[in-house]
Amino acid sequence: MGVHIDISGLRPERIAVVISPLAELGMALHALSEPAHHPGLQAWVTAVTARLDPHLADRMCEADFLWRTTFSDLFLACAGLPGRRALPGGTLAEELDLLDKLSDEQFVDGALEFTCALPYDLPGRGPLSDEGLRRRSLELAAARGPRQLLFTERLLADPPRTRAWLRQFLQNCDEAFFAEAWSRLRHQLAADARLKTDLLRRKGLGEALASVSSAVTLDEAAGRITVDKLGDGHTATGDGGLLLIPTSLGRPHLQVLHRHGWQPVLHYPAGSPEPAAPPTVEQLALRMTALSHPVRMRMCRHLARSAYTTGELVQMHGMTAPEISRHLGVLKKAGLITTRRRGRYVLHQLDVTVVARLGSDFLEGLLR
């Protein structure tokens, strides 16, 4: 289990530790949409939300699936450019220009990553060329609500128009709140990038990765980086490069871009971890028993990021609906998930606040 990056033949000069305003804007949108993932940012989230223009807040909800789950690879657009060696731009405007260079197929696949579970680290057709995937994308978008369905319909019908909408929206977010935040955060991120670059030059990739996270390990003999996560994935640097990009707003997420054909990216939280909150003992035995089952742990990984229907979980885990329902029942009895109805769909989601009280290490493992 975990994400593996084959770095066989990777030359040292093609490893870069760099900062990215577009990636940090993606994490800012994620934190505003899922503040429970980031208790240390509560004051900032409250301040931004309080002064946010209602029209902009409404537009933020229109496509929030691009950043609510974690955040879309579209915010690391440089990794998708031909040659797989491009670096992020120095400014948000430069990064948005890089985003414009992605093909329509890349843009649509990235935008629908969390909606229709397209093949991620394997080659395959996308919904622009595969009518079956197009229909499935619309069906699954409908399960998330009318706004997501409308956005997905527009995306599939007219990708250039949707790309223009997204660029304008991100520029408006920059003007409304992000430019001010970036003016503070970029200095911390640049300092972290310099530190990692110095470690890389003096002590090698293994030391640099160890300073990123204890969950990242290097097997030099095998030419492989392994990131300990509850998901599975594989990628390779090939004749391209490897990017390490720090974030100030992203903890506890440790993300690995391993999309097929894209440059691998480690997007890691800079600085020290937040202090762990003490867990309670109320229902502790029941909750730990519920979480000890490997299938339920994997379900929790998905449910921590977004709300899913039983049918979506059936597809993700390759199990029958009764089996998934039994596991959901155990989690619900333990008070670990919430359930809400949206039209004819019933959505389940992990209560990350409850899980956080059980232990920050477990929650970080789910969200990593």
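How many helices and strands are there in the protein chain? In this predicted model, where local features need pLDDT of at least 70, side-chain atom pairs count only at pLDDT 80 or more, and totals for chains, interfaces and linings use all residues, the protein chain has 16 helices and 10 strands, these being DSSP runs (H or I of at least four residues for helices, E of at least two for strands) numbered from the N terminus. Residues are numbered from 1 along each chain as its sequence is written, and side-chain values use heavy atoms, with hydrogens and water left out.

The radius of gyration of the protein chain, taken over C-alpha atoms, is 20 Å, which agrees with the value near 21 Å for a compact globule of 368 residues, the globule rule being 2.2 Å times the number of residues to the power 0.38. Of the 368 residues, 54% count as buried, where buried means under 20% relative accessible area, exposed over 50% and partly exposed in between, with a 1.4 Å probe and protein chains only.

Two buried residues may be described individually. Glu62, which lies in helix 3 (residues 54-62), has a relative accessible area of 18% and is therefore buried; leaving out residues up to four places away in sequence, Glu62 touches Arg147, Phe151, Arg154 and Trp165, contact meaning heavy atoms within 4.5 Å. Ala79 is placed in the loop between helix 3 and helix 4 (92-100) and counts as buried because its relative accessibility is 0%. Apart from neighbours within four places in sequence, Ala79 is in contact with Leu257, Trp262, Gln263 and Val265.
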